[in-house]
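Biologist: Could you take me through a close look at the sheet in this model and the helix that packs on it? I'd like to know how the pieces are arranged, with the cut-offs spelled out.

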Amino acid sequence: ENIDVKYYGKNLAYYDKIVVISQEMKDEVVNLYPDLENKLELIYNSLNFNSIIKESVNENNLSSYDRKLLDQEFFLSVARLDTRHKDFETLIKAYSVLKKNGIEEKLYILGAGDGEKEIRELIKKLSLEEDVLLVGAKKNPYIWMKHAKLFIHSSKFEGFGLVLIEAGILGNVVIASDCPVGPREILDDGRSGLLFETGNYTELAEKIKKILDNDELKKRLKDNMAVSVNRFRIENNLNRLYTVINSVYEG
């Protein structure tokens with residue numbers, strides 16, 4: 001709300017091509033700047049699948065405490081500890097509901113940031129100190145994703161949400177808030193992972209329980225995600241980028 005929309009549109013008009021990283025972003029740019037539609041190219045942020053898979057079994061940097069945590073059953077969230085953009089309140093309240101209903105899995109949150117104190121206060125308020133653990137930032141989050149029973153991403157809005165793709169590459173079942181920009185597109189409108197209304201902790205708790213109670217659903221989501229994530233392979237999107245660059249060069 002604090003930017004000059006016309007100013008940016010005028011400057012963007014000088015470029016031959018403008019790359020957007022999601023369909024939702026493309027639609028928004030067209031809405032703001034209809035005259036730029038023919039210059040827009042959708043190229044997803046890309047990931048090196050082989051590197052992620054390799055790191056998911058790399059135990060070199062694990063402490064004895066890390067190994068102990070990984071031996072337990074747990075849900076996982078990986079995000080910057082930022083309460084302005086991320087929605088840890090919804091995540092922790094949903095977990096609290098499930099804990100009262102008898103679930104035994106822990107909730108691990110990987111990340112660091114200036115919202116840590118606020119998050120710890122909420123954990124303490126809900127008497128979840130033994131169950132919701134702020135594990136800190138990890139150089140290799142992939143081994144944690146590999147071992148997680150469920151990957152949960154609760155956010156108010158995203159730049160795109162690459163962490164959801166990383167989780168999908170490693171075979172996680174994913175639940176994410178239906179926030180802009182990215183989760184709905186990454187999860188194929190809920191076919192490759194479940195979506196819940198942003199800020200609705202009751203619905204999140206219901207979606208988690210739904211997955212825990214339904215092996216057929218878990219398998220379907222995993223199978224769909226295994227196909228869906230191929231859109232984000234670095235090989236595919238590098239070829240797309242080369243095509244765009246060549247079209248400008250030849251023009």
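Modeller: Happy to! In this predicted model, helix α10 (residues 201-212) lies across four strands, namely β3, β6 (150-153), β7 (174-177) and β8. Contact here means heavy atoms within 4.5 Å, and helices (H or I, at least four residues) and strands (E, at least two) are DSSP runs, numbered from the N terminus. Relative to β8, α10 runs at about 160 degrees (axes are lines fitted to C-alpha atoms, for helices over the stretch in contact, with angles from 0 to 180 degrees between N-to-C directions).

The strands under α10 belong to an open sheet of six, ordered β5-β4-β3-β6-β7-β8, and the pairing is parallel (two strands pair if DSSP finds at least two bridges between them). At the edges stand β5 (132-136) and β8 (194-196); each has a single partner strand, so one side of each is left without a neighbour in the sheet. From one strand to the next, the twist averages 25 degrees.

Now zoom in on one pair. Five bridges join β3 (residues 74-78) to β4 (residues 106-110), in the parallel sense. Within that pairing, Leu76 stands opposite Tyr108 in β4. So you can follow β3 both ways: β3 is one of the strands that α10 lies across, and β3 also pairs with β4.

For your own checks, residues are numbered from 1 along each chain as its sequence is written. Local features need pLDDT of at least 70, side-chain atom pairs count only at pLDDT 80 or more, and totals for chains, interfaces and linings use all residues, while side-chain values use heavy atoms, with hydrogens and water left out.
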